[in-house]
Amino acid sequence: RDWVKRFEVRDEFWEGYILTGRYEDRDEDDIHVDDNDRRTRSKIAEFSRVFSRFATLELGLQRNVLDQKLPSKEWEERVALIITPSAKNQRYKFFLNHKEIEAARSGTHLEGGLNFSQFIGTDSIVDGEVKRVQSSAGLNGAGYSATVANAKMIITF
């Protein structure tokens, strides 16, 4: 009973300057009886500036309306700098995301860090992320602060 509707308009209005507008409607269950059953309607505006094949800046603003057992609305701001050194088959994404949550118990969520990817040979990839997360008390708990690190290796046979 899950479904997603997505409409996107993307325009490179000048070489290296890209604007994207997107509307998403995602329903994870049509009966909202627990915290995992939700419908999210999102309006998203994104701007990308491609400086060169080695560096890209991305900015995003997103408005979410969540229909669930305890409904809420969110404003999310994102910024990321993506570095891709060509000689080493690597990608580094430095990011910062901030979310303001409007609900019966409002809160904020902030995370920032580094996402990385490294090709090893032609058939293996190491992919991972190191980030710092800070979340205030809200609908989903008493709040927390954490450092998260994860990595995975993908080998293609």
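## A walk from the hairpin to the surface patch

Start by selecting β1 and β2: these strands form a hairpin with two residues between them. Zoom in on the turn and pick Gly 16, which has a positive phi of about 90 degrees. Keep in mind as you look around that this is a predicted model.

Now show strand β1, residues 3-14, beside β2. The two strands run antiparallel, and eleven bridges join them. To see one of these partnerships, select Glu 12 and follow it across to Ile 18 in β2, its bridge partner.

Next, travel to Trp 3 and show its side chain together with that of Lys 5. Lys 5 lies over the face of the Trp 3 ring, at 4.8 Å from the ring centre.

Time for some aromatic rings. A pair of aromatic rings is described by the distance of the centres and the angle of the planes. How many aromatic pairs are there to find? The count comes to two.

For one of them, select Phe 13 and Tyr 17. Their ring centres are 5.9 Å apart, with 45 degrees between the planes, and the pair is tilted. Phe 13 is partly exposed, with a relative accessible area of 44%. Tyr 17 is also partly exposed, at 26% relative accessibility.

Keep Tyr 17 selected and add Phe 47. Here the centres are 6.2 Å apart and the planes meet at 40 degrees, so this pair is tilted. Which strands hold these two residues? Tyr 17 lies in β2 (residues 17-27) and Phe 47 in β3 (residues 38-52), so the pair ties together parts that are 30 residues apart in sequence. Is Phe 47 buried or partly exposed? Phe 47 is partly exposed, with a relative accessible area of 22%; the cut-off for buried is under 20%.

Show Phe 13, Tyr 17 and Phe 47 together, and you will see the cluster that the ring pairs link them into.

For the last stop, turn on the surface and select Leu 59, Val 79, Leu 96 and Leu 110. These residues form a nonpolar patch on the surface, with about 280 Å² of accessible area together. Finish by centring on Leu 59, which you will find in strand β4, residues 55-68. Leu 59 is partly exposed, and its relative accessible area is 36%.

Note on methods
Residues numbered from 1 in each chain as written. Predicted model: local features only at pLDDT ≥ 70, side-chain atom pairs only at ≥ 80, totals over all residues. Heavy atoms only, no water. Patch = residues over 30% accessible without salt bridge, like charges linked within 9 Å, V, L, I, M, F, W, Y side chains within 5 Å. Areas by Shrake-Rupley, 256 points an atom, 1.4 Å probe, with all protein chains shown as cover. Salt bridge = Lys/Arg side-chain N within 4 Å of Asp/Glu carboxyl O. Helix = DSSP H or I, 4+ residues; strand = E, 2+ residues; numbered from the N terminus. Buried < 20%, exposed > 50% of the residue type's maximum accessible area, 1.4 Å probe, protein only. Phe/Tyr/Trp six-rings, centres within 6.5 Å; stacked < 30°, edge-to-face > 60°. Lys NZ or Arg CZ within 6 Å of the ring centre and 35° of its normal. Pairing = 2+ DSSP bridges.
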